[in-house]
Each structure stands twice: as C-alpha cells, then as structure tokens.
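I opened the model to look up its sheet, its helix crossings and the surroundings of its ligand. My entries are below, in the order in which I made them.

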Amino acid sequence: MNELRVSSEKEKQDLEHEDLALELVKVSFSWNTGTKALDQCNLVIPRPGLWMIVGCNGSGKSTLFRLISGMIKPQKGEIQCSYKTALMFQNPDHQLLLPSCGSDLMLSAPQDQPREELRERINSALQQVGLAGMAPRPIHTLSGGQKQRLALASALVSNSNLLLLDEPTALLDPLSQKSILELVKSLSRRAKNPISALWITHLIQELAYCDGAAMMKNGRIGNWQPGHELMNNLK
Ligand SMILES: Nc1ncnc2c1ncn2[C@@H]1O[C@H](COP(=O)(O)OP(=O)(O)O)[C@@H](O)[C@H]1O
Ligand SMILES: [Mg+2]
C-alpha cells in the first residue's frame with residue numbers, strides 16, 4: 001500500500017516535471033566580431049538538480065547562458081526552454097539595485113499581486129535562503145555570501161525554476177562558498193517545485209556537490225558524468 005502511494009507520488013512528480021525542459025540541439029553562435037563562441041552545441045537538463053559545467057576561459061560558457069536566457073539568438077540550431085530562467089553572477093553588486101533587501105526583492109516580484117501576498121512571498125523567499133526577517137536590512141550591510149543569498153531569494157520571488165549561475169562563489173570565502181553550494185543543492189531537492197541549477201565553476205572541488213558535470217571546450221559541451229569522475233579526470 002505504502003509502496004503504491006510512493007509510486008503514484010513519484011508519478012505525480014514526473015508529470016509535474018514532464019513539460020519542464022531545457023534542450024539545445026546543434027546550437028551555433030558567432031559574435032559580430034566573427035568569433036565563433038558556440039559550435040553545434042548540444043545540451044539537455046535531464047531533471048531538477050545541480051548541474052555543473054567546467055571549461056577554460058573563452059570556451060563559450062557565458063555566451064551559453066546568454067543564449068539560454070534569451071538575451072541573444074542562435075544563428076543555427078534549436079533552443080527549447082520551458083523554464084523561467086534567472087541569471088546569477090560572480091559579483092552580486094551587479095544585480096542588486098535597491099537599497100534594502102525587501103525593496104530589491106519587490107523589483108523581482110510579479111506586480112499583479114496584492115501587497116499583502118507580495119510581502120508574504122518576499123518573507124518566504126528570505127526564509128528559504130536563510131535571511132529570515134532581513135527585509136528592512138540595507139544591502140550595503142550584507143556580507144558577500146548574504147548578497148548571493150539575496151540574489152537567490154530574488155530568483156525565488158520571481159518564480160524562476162532554472163538558475164544560471166556564472167561562478168557564483170568565485171569571490172566568496174570558503175565557508176560562504178560551502179553554504180551557497182549547500183543552499184542551491186537543497187533548493188534543487190525541495191519537495192515542492194525543486195529548481196534546476198546550471199552552475200559554471202573553475203573550482204574543481206565544487207564538483208563534489210553536483211548531480212552531474214560536463215566539460216565545455218571550444219563551444220561544445222561533453223556528456224554529463226558524475227562530479228567525482230570529472231574531478232579525477234581534471235586532477
Ligand atoms: N560581447 C562579445 N562580443 C564579442 N565577442 C565576445 C563577446 N562575449 C564573448 N565573446 C567571445 O566569445 C568567446 C566565448 O566567450 P565566453 O562565452 O565569454 O566564454 P567563457 O565564459 O567560457 O570565458 C570568446 O572568444 C570571447 O572573446
Ligand atoms: Mg564567462
């Protein structure tokens with residue numbers, strides 16, 4: 001009986017995820033300078049989770065994110081993305097705009113909601129990222145790690161379900177780095193609406209946290225492999 005219930009619960013989850021997908025098929029993109037940044041690139045996010053991409057400078061990672069988020073269009077190939085995406089950068093100061101945590105999150109929230117619901121939504125997002133009660137806090141009083149948490153809260157408030165993280169821990173100390181990794185991992189495991197995260201890293205020890213890792217090289221992404229396997233290959 002129990003087993004049956006679990007399996008139907010799983011089926012329900014699968015159904016909910018069924019139409020959530022990111023797929024790139026043979027995507028090519030050249031900048032107008034003539035630089036070919038993506039070259040017949042394929043990529044599939046198989047399910048919610050923490051997916052990491054490793055690659056040298058210039059291998060096309062940031063261009064990939066711009067394509068997935070729709071800021072630029074490929075010259076060749078197909079991109080199917082039914083996720084709502086949110087970008088997160090190395091330096092949170094580049095994306096936090098308003099003076100307090102609450103006012104900044106208000107910017108990301110759907111504007112058609114009653115004020116009271118908005119406030120609840122913002123408080124719930126702050127709580128999920130470990131910043132409960134910090135809506136009135138001035139942003140300049142936050143640490144680097146807290147600012148990245150706030151950027152994550154902003155993605156939650158906007159109902160994004162695919163986070164594109166471009167070396168989000170590169171400027172953080174080891175403790176904050178670990179806590180951001182654990183936070184994103186736990187958001188990708190939460191029971192309701194688990195997120196998918198595509199995380200670019202140069203720090204190979206971060207691969208220990210992922211559900212799958214892939215190398216990007218010359219505008220192409222290799223197959224997903226277990227994080228520890230890629231870690232060993234890179235050592
Ligand atoms: N805005 C741009 N205009 C022209 N060329 C660019 C631009 N952004 C990136 N490139 C070039 O595209 C290639 C891939 O860059 P990028 O996607 O930033 O790689 P990565 O993030 O892996 O370092 C590089 O050769 C880079 O110089
Ligand atoms: Mg880059």
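These entries take the sheet, then two helix pairs, then the ligand.

Entry 1, status of the model. I note before anything else that this is a predicted model.

Entry 2, the sheet. I looked up the strand order and found β2-β1-β4 in an open sheet of three strands, with antiparallel pairing. The edges are held by β2 (36–45) and β4 (76–81); each has a single partner strand, so one side of each lacks a neighbour in the sheet. I also looked up the twist: on average, neighbouring strands of this sheet are turned by 20 degrees against each other, direction ignored.

Entry 3, one strand pair. I then checked β1, residues 22–30, against β4 and found five bridges in the antiparallel sense. For Val25 I looked up the bridge partner, and this is Glu78 in β4.

Entry 4, α3 and α4. I took helix α3 (residues 101–108) and helix α4 (residues 115–128) and found that their axes come within 10 Å and cross at roughly 110 degrees. An angle from 65 to 115 degrees counts as roughly perpendicular, and α3 is therefore roughly perpendicular to α4. I recorded the crossing of α3 and α4 as right-handed. On the α3 side the contact is made by Cys101, Gly102, Leu105 and Met106, and on the α4 side by Leu118, Ile122, Ala125 and Leu126. By class I have seven nonpolar, one polar and no charged residues in the contact of α3 with α4.

Entry 5, α4 and α5. I went on to helix α5 (residues 144–157), whose axis and that of α4 come within 9 Å and cross at roughly 135 degrees. The two helices, α4 and α5, are therefore oblique to each other. The crossing of α4 and α5 is right-handed. In α4 I listed Arg121, Ile122, Ala125, Leu126 and Gln128, which meet Ala153, Leu156 and Val157 in α5. The contact of α4 with α5 divides into six nonpolar, one polar and one charged residues. I see Ile122, Ala125 and Leu126 of α4 listed in the contact with α3 and again in the contact with α5.

Entry 6, ligand 1. Which residues are around ligand 1? I found Trp31, Thr33, Thr35, Ala37, Gly55, Asn57, Gly58, Ser59, Gly60, Lys61, Ser62 and Thr63. Helix α2 (residues 61–68) gives the largest share of the shell around ligand 1, with three residues. By class I have two nonpolar, nine polar and one charged residues in the shell around ligand 1.

Terms used:
Residues are numbered from 1 along each chain as its sequence is written. Chains are lettered from A and ligands numbered from 1 in the order in which they are written. This is a predicted model: local features need pLDDT of at least 70, side-chain atom pairs count only at pLDDT 80 or more; totals for chains, interfaces and linings use all residues. Two strands pair if DSSP finds at least two bridges between them. Axes are lines fitted to C-alpha atoms, for helices over the stretch in contact, and angles run from 0 to 180 degrees between N-to-C directions. Angles under 35 degrees count as roughly parallel, over 145 as roughly antiparallel, 65 to 115 as roughly perpendicular and the rest as oblique. A crossing is left-handed if the near helix is turned anticlockwise from the far one by less than a right angle, and right-handed if clockwise. Two residues are in contact if their C-beta atoms, placed from the backbone, lie within 7 Å. Ala, Val, Leu, Ile, Met, Phe, Trp, Tyr, Cys and Pro count as nonpolar, Asp, Glu, Lys and Arg as charged, and the others, Gly among them, as polar. A residue is near a molecule or strand if its C-beta atom, placed from the backbone, lies within 6 Å of it.
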